[in-house]
Each structure stands twice: as C-alpha cells, then as structure tokens.
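Biologist: I'd like to learn how to read a model like this one. Could you walk me through it, feature by feature?

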Amino acid sequence: MHQGRLCCYVYERRRAQTAPAICFDHLERTMKLAILRAGATLAFAFSSSVVAADEQMLELATASGCFICHTVAPPAGSSVALAPAYEQVAARYRDDPEALGYLVDRVLKGTAYQDQNWGGAVNMRFMPPNVNVDREDADKLVGWILSLEGAPDSALQRHEGALALAATNGCMICHEMNPLQGVKAIPLAPSFREIAAYYDGKPEAREHLLDSVKNGTVTKPKIWENVNMRFMPPNISLRDEDVATLVDWVMALEHEGVTAHPTEVKPGQN
Ligand code: HEC
Ligand code: HEC
C-alpha cells in the first residue's frame, strides 16, 4: 500500500535524524489510524468554546497525520526538517489573500509535479496528497496554520507533546479526545475528556488512574458503560514517568459541558 510505504519511509528518515527537536517520532501508527477512521469516526463535532481552538486544531492535525512530517515550531539547531514548520508557513503566506484557497488545494492534492515552494529548506521534495482529509477539515487546518503567530505558548507545547506521547504509545487506537457526536457507533473506549469529567474532584483519582493505565482495568469493577471493550489491557511497555505525564494530562483536560457515562456500580456487582 502506497501510504504504508510512505510511512515507513518517513519513519526511517526520522530515525536517521538525531535532532532532539523533532518530537513527532514514529507517528506512522496515527496515520494508518487516521486513514482507517477517515470520515465518520473522526467526528470532530465536539466544539465546546472552552476547549481552546488551538488544542482542537492540534488534535485534528494529529488525527490527520500532518505531524508525521510537520511540526508547529521549526526544529532547534541546524537540523533540516522533513517539511516546513507551520509557523514558517504562516509567516510566508499570512498577508496573501489568496493563500487559504491555494494551500487547501495543495494539502488535498499534494504537491508532486507542482511548484516546489520549500525546496532546499526541507528534506522532502513534495507533500503527498492527504487523502484522509476532507475539504472542510483542510479549510480548518490551513486557516489555523495561517493564524499562527510567534512560538506556541508553553501550555500548547505541553498539549502537543502529550498528544504525541499518547499517539506513539497507541492510546489513540482506542481512545478519542472528545465524545463522539452525531455518530451512531459505540466507541471502543471512553474519550479522554469524559475521563477528565468523571474523575474531576474525586479523591485518589490520580492513584487509581496511574494504576489503571499501567496495569489495565481487567481486575477492576467496570466503570465505563457505552464502550465496546470490556476492559483496557495493561500498557506494560510504558515508562512510569510517561504514565504519570499521560494521566496528569488527561485529568487536566478541559471538560466543561462534557458528560461522562460511567456504569452505576451496584452493591454486590463486580
Ligand atoms: C508525508 C509528509 C507530509 C505530510 C503527512 C503532510 N505534509 Fe504538508 N508538506 C510536506 C512537504 C514536504 C511540504 C513542502 C512542499 C513544497 O516544498 O512545496 C509541505 C507543505 C505544506 C504546506 C505549505 C504548502 C506550500 O505550498 O507552501 C501546508 C499548508 C501543509 N503542508 C499542510 C499540511 C497539512 C494540513 C497536513 C495534514 C493534513 C500535511 N501538510 C501533511 C509534507 C507533508
Ligand atoms: C486496546 C484499547 C486501549 C488502549 C490501547 C488504551 N486504552 Fe485506555 N481504556 C480502554 C478501555 C476499554 C477503557 C475503559 C475500561 C473499563 O471500562 O474498565 C479505558 C480506560 C482508560 C482510562 C480510565 C481508567 C479508569 O479506571 O477509569 C484512562 C485514564 C485511560 N484508559 C488512559 C489510557 C492511556 C493513557 C493509554 C495509552 C497509554 C490507553 N488508555 C490505551 C481501552 C484502551
């Protein structure tokens, strides 16, 4: 499969680069996922105004596979990135009134056999067509990219880092960030914002979740209904510090207006 080979290629290129600034290592899984999910299950309908627009766009770009090649900020030092950083794209096109339509087209169709606008500045010769992205999402993504100004603030950088950590460790194979909306399908697992809502203010939530993420939930009373999997398998290969980073991140996610759907645990029920 063409996309699959491309992913491996990108991954190998990434591994060959030693630059620590490249923080989206082997996201090829995300890309496959994004392709699998193209359309319905991407369901990006959740739009609480409290969830910062930037966070939502980072999530959409992650799910769309853009960060396999791009980063938001340019890499530090002298390493050459695979693709232009979004801040560089913004700086170049911000004042061009035609840029939105032009770039949306480039994103959808890819740039092979067309002008090479970043030749010499980046390591890849062209962007392949992003076949898993529809025009509406491409519009949103490019609009967001063009709005970027200056370095992302530290909260956004943390969100970017945690998203990448979750994606590389396979969390997003089962979890969505937001509850599915307008889709009949039952999700595999509770969305991260529902988890944040459910555990908000509960004592010992952190200890409980550290244990759930590390060791899985098979031995625990069932907490989540409306999900398709009975339990979460242990995430044994995850380092303890990454477990903590992920749990703290999930717990701190904005979740105003999000309703969690936990199972009533009745006495005597396991
Ligand atoms: C496989 C790697 C790859 C992926 C995945 C990818 N891009 Fe690109 N992108 C590139 C490269 C390489 C360029 C530079 C092309 C050039 O030199 O004209 C580029 C350029 C761009 C540009 C600037 C185009 C121009 O003409 O200046 C935008 C905007 C962009 N990408 C957005 C996206 C978005 C949004 C996504 C996800 C939906 C995405 N890209 C996914 C590699 C990629
Ligand atoms: C194979 C699918 C799968 C993967 C991969 C997965 N989860 Fe889960 N996760 C689930 C399911 C299913 C539940 C609900 C479990 C239940 O109802 O007992 C869950 C529940 C959770 C919970 C809430 C646990 C609780 O006790 O309420 C957290 C937090 C969580 N997952 C985080 C993560 C993180 C972080 C990762 C990546 C390191 C991850 N999950 C990977 C399927 C998965």
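Modeller: Let's go from the overall fold to helix packing, then to the ligands and two loop residues. Keep in mind that this is a predicted model.

Biologist: Fine. How many helices and strands does the protein chain have?

Modeller: There are 11 helices and zero strands in the protein chain. Read from the N terminus, the order of elements is α-α-α-α-α-α-α-α-α-α-α.

Biologist: And what share of the 270 residues is buried?

Modeller: Buried residues account for 31% of the 270 in the protein chain. You can also ask how far along the sequence the contacts reach. Take contacts between residues at least 6 apart in sequence: 73% of them join residues at least 24 apart.

Biologist: Now helix packing. Which numbers describe a pair of packed helices?

Modeller: The general idea is that you quote the angle between the two axes and the distance between those axes. Try H5 and H6: they pack at about 125 degrees, with axes 9 Å apart. An angle between 115 and 145 degrees falls in the oblique class, so H5 is oblique to H6.

Biologist: Is the crossing of H5 and H6 left-handed or right-handed?

Modeller: H5 passes H6 in a right-handed crossing. On the H5 side the contact is made by Ala99, Leu100, Leu103, Val104, Val107 and Leu108. H6 brings Arg135, Ala138, Asp139, Leu141, Val142, Gly143 and Leu146. By class, that contact splits into 10 nonpolar, one polar and two charged residues.

Biologist: H6 has another partner in H3, I think. At what angle do the axes of H3 and H6 cross?

Modeller: Roughly 125 degrees, and the axes of H3 (residues 53-63) and H6 come within 10 Å. H3 and H6 are therefore oblique to each other. The crossing of H3 with H6 is left-handed.

Biologist: Which residues meet there, in H3 and H6?

Modeller: From H3 you get Met57, Leu60 and Ala61, and they meet Asp137, Lys140, Leu141 and Trp144 in H6. The classes in this contact are five nonpolar, no polar and two charged residues. Notice Leu141: it is part of the H6 side in the contact with H5, and it also meets H3.

Biologist: Let me try a pair further along. How do H7 and H11 pack?

Modeller: H7 (residues 154-168) and H11 (residues 240-251) pack at about 120 degrees, and their axes are 10 Å apart. That makes H7 oblique to H11. The crossing of H7 and H11 is left-handed. In H7, Ala162, Leu165 and Ala166 meet Asp242, Thr245, Leu246 and Trp249 of H11. Sorted by class, the contact holds five nonpolar, one polar and one charged residues.

Biologist: On to the ligands. What should I look for around ligand 1?

Modeller: Start with the shell of residues, then ask which elements supply it. Ligand 1 is surrounded by 28 residues, the closest being Cys66, Cys69, Ala83, Trp118 and Met127. The elements giving two or more residues to this shell are H5 (99-109) and H6 (135-147). By class, the shell around ligand 1 has 19 nonpolar, eight polar and one charged.

Biologist: And which residues come nearest to ligand 2?

Modeller: Of the 28 residues around ligand 2, the nearest are Cys171, Cys174, Ala189, Trp224 and Met232. H8 (171-174), H10 (205-215) and H11 each supply at least two residues of that shell. H10 gives the largest share, four residues. The classes around ligand 2 are 20 nonpolar, seven polar and one charged.

Biologist: Last topic: loops. Where does Ala52 sit?

Modeller: Ala52 is in the loop between H2 (28-37) and H3. For exposure, count C-beta atoms nearby: Ala52 has 14 others within 10 Å, so it is partly exposed. You can also look for a partner distant in sequence. Ala52 and Leu156 are 104 residues apart in sequence, yet their C-alpha atoms are 9.4 Å apart in space.

Biologist: How would I read Asp200 in the loop between H9 and H10?

Modeller: With the same steps. Asp200 lies in the loop between H9 (192-199) and H10. Asp200 has 15 other C-beta atoms within 10 Å, so it is partly exposed. His255 is 55 residues away from Asp200 along the chain, and their C-alpha atoms are separated by 9.2 Å.

Conventions. Residues are numbered from 1 along each chain as its sequence is written. Chains are lettered from A and ligands numbered from 1 in the order in which they are written. This is a predicted model: local features need pLDDT of at least 70, side-chain atom pairs count only at pLDDT 80 or more; totals for chains, interfaces and linings use all residues. Axes are lines fitted to C-alpha atoms, for helices over the stretch in contact, and angles run from 0 to 180 degrees between N-to-C directions. Angles under 35 degrees count as roughly parallel, over 145 as roughly antiparallel, 65 to 115 as roughly perpendicular and the rest as oblique. A crossing is left-handed if the near helix is turned anticlockwise from the far one by less than a right angle, and right-handed if clockwise. Two residues are in contact if their C-beta atoms, placed from the backbone, lie within 7 Å. Ala, Val, Leu, Ile, Met, Phe, Trp, Tyr, Cys and Pro count as nonpolar, Asp, Glu, Lys and Arg as charged, and the others, Gly among them, as polar. A residue is near a molecule or strand if its C-beta atom, placed from the backbone, lies within 6 Å of it. A residue is buried if 20 or more other C-beta atoms lie within 10 Å of its own, exposed if 12 or fewer, and partly exposed in between; C-beta atoms are placed from the backbone.
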